[in-house]
Amino acid sequence: MDRIFSGFLLSVLLLFQDHGIYGAPPQPRGALCRTRPSDLVFIIDSSRSVRPNEFEQVKVFMSKVIESLDVGPNATRVGVINYASTVKNEFSLKTHRTKASLLQAVRKIQPLSTGTMTGLAIQFAINRAFSDSEGARVRSPEISKVAIIVTDGRPQDGVKDVSARARSLGIKLFAIGVGRVDMNTLRQMASEPLDEHVDYVESYSVIEKLSTKFQEAFCEPVGLCASGDHDCQQICVNTRGSYTCACKEGFTLNNDGKTCSACSGGSATDLVFLIDGSKSVRPENFELVKKFINQIVDSLDVSDKNAHVGLVQYSSSVRQEFPLGQYNNKKDIKAAVKKMSYMEKGTMTGQALKYLTDNSFATSGGARPGVPKVGIVFTDGRSQDYINDAAKKAKDLGIKMFAVGVGNAVEDELRVIASEPVAEHYFYTADFKTMNQIGKKLQMKICDEKDPCECKAIVKFQTKVEDLIKSLTQKLEAVTKRIAALENKII
């Protein structure tokens, strides 16, 4: 008998680990429990083979399980289907909003005392009990859908196909057999793996005893952080068997790993975009690059003391769209980017790099002494002038140079532009498909490791860059396909 108890407990425990159904039963050794939203439906056999006193034991079993749940519209919802030759919806998932009313409703359930139409009951669960109109919520990783079937006999209809349909809809089926139940039926109903979802007990009296084990399975410790048994000053993060400390935005973790210190004022960075506006870029792609720049601006802490942004466009000539420090808020920067017109001529990358060092990053051009300087160069073709001297000068002046090439860009030229180590500062893609990796490779490259507050801000910025590049990639691919289709029609 102990083996039976243990097997059932293991199955239920696995259910709640997999699906996030947690409750608040009596908590052994001071453990804390948490619950997650779940839709739980009991499907209860009350055929004539279930005696009245045995049915009462089933009700006790359900009540004790419900007592362990965190019941509510935004927590766990419970419904009960009672079946024999017919099916009766005792109450729906939306009917009872409190644990007290649920328990009262369970006490009022009466057996039907006729045949055993288990398949019909499962079909009812699919069509009605787990429907939106009856209170079931949209399936998601945060909300589990679980049916616990309790039966003691052989069904008078088929269960295999209807159970398969239920499982395909994301309903986790547990089959509990009592007494002279047909084991093959249980296996046909239950979810995989069967040894975790099929359980057998010898009598209904055992069901009542198993309810205690069921309650324990609903409880999952939330860790030392929730218990308050930690020394973190601001944020506690649970780990396996322990915890680590973290800090709120604007703070950095001290060497003791527990306390936090306020950052002195954000991350000061002078960032200039050097954008290829040659005719090979095409107007559609140029508009996407402008949107991309503005999305990056959204991720920056733009202010007089923190991030400054400048923008330069080049083709056969160089045009400064706006210098560093002209705008000290995101709104003005984004408006200026949107107004930038497409030059649509040649590709004088060397001339543009010289402008970057002599003007954009000059103190007279708005650059701040002692502030990290970053240049991000976007180009899609071979330069029509010499770039080596200008690129070397930029790096010699301490400007962190990133080179991003697209389409017909020449990789040798990208390497010349990029800072050391070159492999970590230049990127090339023929069709933008690999640009989603640029954000990862940029991470921490601009960061001054001696200033953890600045590093933290840069990491956040680079994560945003990666997400934006993915979005840009998808949009450019769509535009390219449309252009190719139009060209084919013209030909």
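1. A quick definition before anything else: a salt bridge here is a side-chain nitrogen of Lys or Arg within 4 Å of a carboxyl oxygen of Asp or Glu. R415 and D412 fit that description, with their side chains meeting at 2.8 Å, N to O. This is a predicted model, so read every distance below in that light. Both residues sit in helix α14 (residues 411–417), and because they are three residues apart there, about one helical turn separates them. As for exposure, R415 comes out as partly exposed at 33% relative accessibility, while D412 is exposed at 53%.

2. How many salt bridges does a search of the whole structure find? The count is 15. I'll go through a few of them below, starting with the sheet they have to be placed against.

3. The sheet is an open one, with six strands in the order β3-β2-β1-β4-β5-β6 and mixed pairing. Which strands stand at the edges? Those are β3 (87–91) and β6 (198–201); each has a single partner strand, so one side of each is left without a neighbour in the sheet. From one strand to the next, the twist averages 20 degrees.

4. At the β6 end, the neighbour is β5 (residues 172–178), which runs parallel to β6 and is joined to it by four bridges. If you want a residue pair to click on, A175 has V198 in β6 as its bridge partner. Helix α2 (residues 52–67) packs on the sheet too, touching β1 (38–45), β2 (76–83) and β5. The direction of α2 makes about 170 degrees with that of β1.

5. Next, helix α4 (residues 118–129). Its buried residues are T118, G119, A121, I122, F124, A125, I126 and A129. What covers them? The cover includes the strands β1, β2, β3 and β4 (144–151), along with the helices α5 (160–168) and α6 (183–189).

6. R128 belongs with this part of the discussion, since its side chain meets that of E134 in a salt bridge at 3.8 Å, N to O. The two ends are worth checking separately. R128 is partly exposed, with a relative accessible area of 38%, whereas E134 has 12% relative accessibility and counts as buried.

7. My favourite spot to look at is R137, in the loop between α4 and β4. Buried or exposed? At 12% relative accessibility, R137 counts as buried, the cut-off for that being under 20%. A polar atom of the R137 side chain lies 2.8 Å from the backbone oxygen of S38, and a polar contact of 2.7 Å joins the side chains of R137 and D39.

8. Staying with R137, what else is in contact with it once neighbours within four places in sequence are left aside? The list runs P37, S38, D39, P73, N74, A75, T76, R77, I143 and K145. Two of those names come back in the salt bridges: D39, R137 and K145 are joined into one network by salt bridges that share partners.

9. Another salt bridge to inspect is the one between D182 and R154, whose closest N and O atoms are 3.5 Å apart. The pair links distant parts of the chain, 28 residues apart: D182 is in the loop between β5 and α6, and R154 is in the loop between β4 and α5. D182 is buried, with a relative accessible area of 16%. R154, on the other hand, is exposed, at 59%.

10. Last item, the cysteines. The structure holds one disulfide, and C232 and C245 are the residues it joins, with S to S at 2.0 Å. The link is left-handed, with -80 degrees about the S-S bond. Where do the two ends sit? C232 is in the loop between α9 (224–227) and β7 (235–239), and C245 is in strand β8 (residues 242–246); the pair links distant parts of the chain, 13 residues apart. Both ends are buried: C232 has 11% relative accessibility, and C245 has a relative accessible area of 12%.

Terms used: Residues are numbered from 1 along each chain as its sequence is written. This is a predicted model: local features need pLDDT of at least 70, side-chain atom pairs count only at pLDDT 80 or more; totals for chains, interfaces and linings use all residues. Side-chain values use heavy atoms; hydrogens and water are left out. Two strands pair if DSSP finds at least two bridges between them. Axes are lines fitted to C-alpha atoms, for helices over the stretch in contact, and angles run from 0 to 180 degrees between N-to-C directions. Contact means heavy atoms within 4.5 Å. Buried means under 20% relative accessible area, exposed over 50%, partly exposed in between (1.4 Å probe, protein chains only). A polar contact is a pair of N or O atoms within 3.5 Å; within protein, one must be able to donate a hydrogen and the other to accept it, and residues adjacent in sequence count only if both atoms are side-chain atoms. A disulfide is a pair of cysteine sulfur atoms within 2.5 Å.
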